[in-house]
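Subject: Structure handover

Hello,

Here is the structure for you to look over. My notes follow below it.

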Number of protein chains: 2
Amino acid sequence: MAEPHRRTVRDLRRSNRSTVLTKLYFEGPLSRQELGPLTGLSSGSISNVAGELIADGLVEDAGSVDSDGGRPRTLLRVAPGSGQLVGVDVGETRVRVELFDLTLTELARADLPLPPDGHDVERVVRLIGEGLQQVMRQVPSATGLLGIGVGVPGIVDSGSVVHGQTIGWDAVPLGSLLRASGQLPLDIPLFIDNGAKTLGRAEMWFGAGRGARNAVVTLIGSGVGACVIADGVPYQGASSSAGEWGHTVLQVVGGRPCRCGSRGCLEAYVGAEALLERWRERGGTWAAPDEEGALAELLAAADAGPLLDETAEYLGAGLADLVNLFNPERIVVGGWAGLLLGPRLLPAVREAAASYALRHPFAGTSLVLGQLGPDAVTVGAATLPLARFLEAGGAVRGRVATASG
Amino acid sequence: MAEPHRRTVRDLRRSNRSTVLTKLYFEGPLSRQELGPLTGLSSGSISNVAGELIADGLVEDAGSVDSDGGRPRTLLRVAPGSGQLVGVDVGETRVRVELFDLTLTELARADLPLPPDGHDVERVVRLIGEGLQQVMRQVPSATGLLGIGVGVPGIVDSGSVVHGQTIGWDAVPLGSLLRASGQLPLDIPLFIDNGAKTLGRAEMWFGAGRGARNAVVTLIGSGVGACVIADGVPYQGASSSAGEWGHTVLQVVGGRPCRCGSRGCLEAYVGAEALLERWRERGGTWAAPDEEGALAELLAAADAGPLLDETAEYLGAGLADLVNLFNPERIVVGGWAGLLLGPRLLPAVREAAASYALRHPFAGTSLVLGQLGPDAVTVGAATLPLARFLEAGGAVRGRVATASG
DNA sequence: CTACTTAACTCACGCCTTGAATTTAGCCGT
DNA sequence: ACGGCTAAATTCAAGGCGTGAGTTAAGTAG
């Protein structure tokens, strides 16, 4: 419990390996010389640690910069091919399995359709296993699988048990089931987290959240969610269900009923499903069979102005709550509906948020659109074992892990 | 930036000193034998570290438990007198300075009244200095001052700069001013934080929040605030203003105007000031000149039922937001008004919160009343240097620190 | 008084970081 | 081509730390 491993002198080395590896991962090729000040380690230790990492194949030479006179600095970088990661997205209509190298460049992908009624647990487990075998077959050189991350729709408790109302899962021990299925290599670290949260992680690592230590990634799709990053790490709460922004109360008296059973939730105004319903109530119609098409038609409609303005007002109020409660330096608006609505709504949303939020924290917050599409769930999922890998200084291979991070 | 001090082998010792000291502080007298498993250290290291701490006077013998046969275990505890702490509460009407021993038992106190118009910065600085000298004079044996914590009304940025709307402070560099005043010993760690947050810390360390890692301490007084504890540490946000729960939006359409300039804030319904105003609008009257007396009269009035029920509804919705967003294991309702209203309102509030919050996170949250009165601000303030002291394994004396934690 | 039991201490061993001294690697002027 | 120069990278002695087995200390039971 109390701070994991840092008692012995060997943990020190592990920790130093980790900082060096992490710095190299995020701040590109660096010379040993730069690494010193950046990590706070002495030149001697940098040499030692770097030498070890190179010997382990995790770090490689990346050319050198020649200075006028004097030995040129050798640049070091994380070797992309020294390990692979798998990200899985259990979506509404399909299971997607993607294989990445260490820099999260895609190596292979497999999409396995799911029937409409289809979130039968056993089937999902089987599809994940199949997808995994497919991508591994496509890339025979992938011999150093470092871990698997799975994004699922629902609340993930204890890093393994899934409660998914929308797909009819109640306390499904997905982690154990996957392990027991025999479909995935034993001894490979397995991580499970909510899909929205993995998407948030992806935005933080590679998208609009990059560099921020305190941020909120909002995800507006059919419903509404959020991923809160506190001091650089996703905040989970007591039972990993923190960030349920969609059911923030915005209207105690006279609130619209929400599908969660309550009234006046943000999601009852701003989610795509609710937005379309509100348009229908006002006489709006659309031709597209799917929500995305319908929402696009709504946006294009001449008479949707008042509805959109009202939506911006509610969204602004919801964002103001985030500003007041979390005081983030950045709020990223993501999710397919958020990205669709964003360009049209953002100015009005900003104005509304400014009026509802406190001046001081609002002034320190920037409100931006997400840079990654909804497909980044797999990237974010792969980020889970990657984070563990970096934290452990690259010493994970073959070790079992279950906790989510 | 990246994880403060843990590179060298001496930092390891510091860290282990810290865990031993912290365990002893919170889990009472312990034998070396128990300390081993609890800290993950070997018997040899426990002996070493304990010996060092005893030699430094920070830890002392606390008797022994005799077992049948075999050498009895010696119990160890933190020596209460090995250091003192000062907590300061800059309140509405007075500055209070309190001197504590290491277990936060009060040794002396000084109350210095502040005139009604009186939050002139220089005067406050002078009063703090005077109070400090008074308490130090009262306890001549207090020769090991470990640090000073100050709780102020307002947002504290960078651990030193205060923005206090209510007292007319705009970016006041209180930390520098105090140091420059010459009124307090140099080289003594000084910490400044929002008074509500220090109260929250006090509840977490010694009150209703004890033992929880994820909790929210709400503070309902004239206004409404909250202190969020994420993974055991108070969450600050990007500019230390996280937890501004009072201005959560509960009524977008038709919301009551709030003193913050917005509309529909929680504080516009639930704060004592707003509650009394709402009572007045409904024809309520009271005799007491102060808010506390007035609120007591309101509670006793026969016809305040509907108003209180409505208040419970709003408060419940506000708490539900906290449950959904933070997923705490515990919510503590504190602040003078909260403690006054609590016994009457809590059942209805709980019911309302249950209806607005999501089932899963709500089921994991307990809603309890605070155990400490509003006077605990000084205790919470003293907790700031104490936390630093424990983190540093007792090696702080004489070192300067400014960051808040 | 002896045998037994358990707590606490000691110390050889292996590992770590530091920082100065040393080696390595490329550039420049002659 | 060659030595001189500069700066990067490595090496290594010194100082520390935690571990865990062995040793000493401090009681009880008979």
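A residue is near a molecule or strand if one of its heavy atoms lies within 4 Å of it. Helices (H or I, at least four residues) and strands (E, at least two) are DSSP runs, numbered from the N terminus. With those terms, α1(B) gives the largest share of the surface near DNA strand D, 4 residues.

This is a predicted model: local features need pLDDT of at least 70, side-chain atom pairs count only at pLDDT 80 or more, and totals for chains, interfaces and linings use all residues. Residues are numbered from 1 along each chain as its sequence is written, chains are lettered from A and ligands numbered from 1 in the order in which they are written, and side-chain values use heavy atoms, with hydrogens and water left out.

DNA strand D

There are 27 residues around DNA strand D; A:Ser47, A:Gly70, A:Thr74, B:Arg13 and B:Asn16 come nearest. At least two residues of this surface come from each of α2 (32-39), α3 (43-55) and β3 (73-78) in chain A, and from each of α1 (9-26) and α3 (43-55) in chain B. By class, the surface has 15 polar, 6 nonpolar and 6 charged residues. Here Ala, Val, Leu, Ile, Met, Phe, Trp, Tyr, Cys and Pro count as nonpolar, Asp, Glu, Lys and Arg as charged, and the others, Gly among them, as polar.

On the DNA side, sugar or phosphate supplies 72% of the strand D atoms within 4 Å of the protein; bases supply the rest. Three arginines have a polar side-chain atom by a phosphate oxygen of strand D: B:Arg13 at 2.6 Å, A:Arg73 at 2.8 Å and A:Arg32 at 3.0 Å.

Aromatic pairs

Over all chains, the structure holds 13 aromatic pairs (ring centres within 6.5 Å, using the six-membered ring of Trp; planes under 30 degrees apart are stacked, over 60 edge-to-face, the rest tilted). A:Phe326 and B:Phe326 form a tilted pair, 4.7 Å centre to centre with 50° between the planes. Each lies in helix α10 (residues 305-326) of its own chain, so the pair joins two chains. A:Phe326 is buried (under 20% relative accessible area; exposed is over 50%, partly exposed in between; 1.4 Å probe, protein chains only), at 1%. B:Phe326 is also buried at 1%.

B:Phe26 and B:Trp205 are edge-to-face, because their planes are at 65°, with centres 5.2 Å apart. This pair links distant parts of chain B: B:Phe26 is in helix α1 and B:Trp205 in helix α6 (residues 195-206), 179 residues apart. B:Phe26 is partly exposed at 30%, whereas B:Trp205 is buried at 14%.

Best wishes

Definitions and conventions: A polar contact is a pair of N or O atoms within 3.5 Å; within protein, one must be able to donate a hydrogen and the other to accept it, and residues adjacent in sequence count only if both atoms are side-chain atoms.
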